[in-house]
Amino acid sequence: MISVSGVSMRYGSKILFEEVATTFSARHRYGLTGPNGAGKSTFMKLLTGELEPQRGTVVRPRKLGVLRQDQYAFDQFRVIDTVIMGNQRLWQALAERDALYDKADMSNEDGMRLGELEGIVGEEDGYSAESEAAILLQGLDIADELHERPMAELQGGQKVRVLLAQALFGNPEALLLDEPTNHLDLESIHWLEQFLTRYEGALIVISHDRHFLNQVCTHIADIDYQTIITYTGGYDDMVVAKTQIRSKIESENAQREKKIAQLNDFIARFGAGTRASQTTSRRKEVERLQTTELARSNIQRPYIRFVPRRPSGKVPLEFEGLAKAHGDLQVVPDFSAVINRGEKIVLVGRNGVGKTTLLKALLADAPDQPASPDDRDAGKVRWGHEVSIGYIPQDPTGLIDKGTTVVEWLHRFDPDAARQEIHGLLGQMLFSGEDGHKPTDALSGGETARLLFCRIMLQKPNVLVLDEPTNHLDLEAINALNVALQKFEGTVLLVTHDQDLLEEVGTRVWRFEGGTITDFKGAYEEMVGSLM
């Protein structure tokens, strides 16, 4: 169990939360939610002990599993050892024991200490530690041959999964996971969901994946109104309950304000007359009814709408014999397809199977895109009549020029657009007031993602190619993107591990598995059903 009592945090005039008192109990799984900037990561650091609260106390159990965010901190260690480090008491005992065994001459004191250390290793199940760590790694798709390699040899996504295994190792009494599904493919996410639903300690997880929160969580701890309110159920249950509570409070306040206005009117008319005693009682009633002002909600909902400037031809894209290899590895095999206007194709498969490679091969000489002939080895690709493309890559680094402002950067994509239109688009994506003049050098990951969507809305393409577009978006923005893609009348190619997007947006699936690509002409859920 983790107990929080009277905790407050503020930065300057900005209050994140005030006098928070809550408990996270064993056998309950809590999703910690709130928009970007609400204080989720700050609160998580308070729970782990990385930060001390400005006021209040946090009581935590001895065994705490924490998902580390620094991918490079363990580069000099073996993968299997990095996982075992999740149990610090065991790891320290193993390290000290090995150092003693390496001694040429061992004293009596060393022998006694070895006995103590062997006792700790036994208490912490150290003799089965490597096999248990291997099982976790296998579940997270870290191949056996990588277990003995140093962490420095792994790719970024693989490192994240090893660090996730580290957090899960050793049966901690509480688990604190900050964005655990980042860089995980769907199979790994499903494995993690099953693991966490069996977990018997207290789980607290930050995630921007609505489906994951609905599948895993028994409660949602929502940061809003400068406090943390806990709701029973998953994310969708929280949204319904929160809306009802907010509506009820606002309705009650409106009724009180109406009653106060009537009482004040009576006081104004009869305050100096023969009914002075009645006006006195009404003044007291006004004081009693005086509305307590609600803390303002910090939720901000972006408005995303994709409207093509003009429709494409009936067949915006067709290709045959498309191929791309990386060295001796054939990533995209001999693949052919015809895409009709309005189709929304989702690309699914484990990390590293070629989804991004296929998109780049299609875009190698596409309209509105820089030529990159090296991205395709073979095949004929024909983009159709009047096609215009909006593309967001998996890694947008370098797409937004430095040394300019948000408004200036966006305006260059349509110099004829009125400044009012530019500021209107920015406002839709939560760049309010002076944010439009913010230097592009200072943009956060979430702001970068939202600005790229502004560019697409300004350019009005009829084909969208989106590679992991939910990276750095909060839940409100992801939900807005989901609705916008469903309503979009153009064509979509989408890579995502967000299951709600897959199920609710996709009308056709390209499935990558075993070195082949299967073209399923139907929705994602239909494809899954056909495989069962």
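Accessible area here comes from the Shrake-Rupley method with a 1.4 Å probe. With that settled, I opened the model, which is a predicted one, and asked for the surface of the protein chain. The accessible surface comes to about 25,700 Å², and carbon and sulfur atoms hold 48% of that area.

**Entry: the whole chain**

I looked up the overall make-up next. The protein chain carries 17 helices and 18 strands. Its C-alpha trace spans about 100 × 85 × 50 Å along the principal axes. Of the 532 residues, 49% are buried.

I also checked how the contacts are spread along the sequence. Taking contacts between residues at least 6 apart, I found that 67% join residues at least 24 apart.

Then I turned to charge. I noted 59 positive and 78 negative side chains in the protein chain. The centres of the two sets lie 10 Å apart.

**Entry: helix H1**

Is H1 mostly covered or mostly open? I found it mostly covered, with 7 of the 9 residues in 40–48 buried. I wrote down the buried ones: Lys40, Thr42, Phe43, Met44, Leu46, Leu47 and Thr48. A lysine is on that list, namely Lys40. Just after H1 comes glycine 49, with a positive phi near 95 degrees.

**Entry: cavities and a pocket**

I went looking for enclosed space. The structure holds 2 cavities of 30 Å³ or more, and the largest cavity has a volume of about 90 Å³. Its lining is made of 13 residues. Nearest the centre of this cavity I noted Ile392, Pro396, Ala449, Pro469 and Asn471. Which helix gives the largest share of the lining? That is H14 (residues 445–459), with 5 residues.

I also took down the second largest pocket, at about 490 Å³. It is lined by 25 residues, and those closest to its centre are Glu187, Gly349, Arg350, Phe512 and Glu513. Helices H7 (186–198) and H17 (524–531) each give two or more residues to this lining, as do strands E11 (329–339), E17 (508–513) and E18 (516–520).

**Entry: positive phi outside glycine**

A reminder to myself: most residues other than glycine have a negative phi. I therefore made a note of two residues, starting with aspartate 368 and its positive phi near 70 degrees, since most residues other than glycine are negative there. Aspartate 368 sits in the loop between helix H11 (355–362) and strand E13 (378–383). Buried or exposed? Aspartate 368 is exposed, at a relative accessible area of 55%, because the cut-off for exposed is over 50%.

The other one is lysine 460, with a positive phi near 55 degrees. I found lysine 460 in the loop between H14 and strand E15 (463–467). Its relative accessibility is 24%, so lysine 460 counts as partly exposed, falling between the 20% and 50% limits.

**Entry: glycine 403**

Last stop for today was a loop glycine. Glycine 403 lies between strand E14 (389–392) and helix H12 (406–411). With a relative accessible area of 70%, glycine 403 is exposed, because that value is over 50%. What does glycine 403 touch, leaving aside its neighbours within four places in sequence? I found contacts with Thr440 and Asp441. I also took a distance from glycine 403 to isoleucine 223, which is 180 residues away along the chain. Their C-alpha atoms are separated by 35 Å.

Note on methods:
Residues are numbered from 1 along each chain as its sequence is written. This is a predicted model: local features need pLDDT of at least 70, side-chain atom pairs count only at pLDDT 80 or more; totals for chains, interfaces and linings use all residues. Side-chain values use heavy atoms; hydrogens and water are left out. Helices (H or I, at least four residues) and strands (E, at least two) are DSSP runs, numbered from the N terminus. Buried means under 20% relative accessible area, exposed over 50%, partly exposed in between (1.4 Å probe, protein chains only). Contact means heavy atoms within 4.5 Å. Lys and Arg count as positive and Asp and Glu as negative; His and the chain ends are not counted. The place of a charge is taken as NZ of Lys, CZ of Arg, CG of Asp or CD of Glu. On a 1 Å grid over the protein atoms alone, a cavity is a set of points where a 1.4 Å probe fits but cannot get out, and a pocket is an open set with protein on both sides within 12 Å along at least five of seven lines; lining residues have an atom within 4 Å of a point. Grid points are joined across faces, edges and corners, and a volume is the space filled by probe spheres set on the points.
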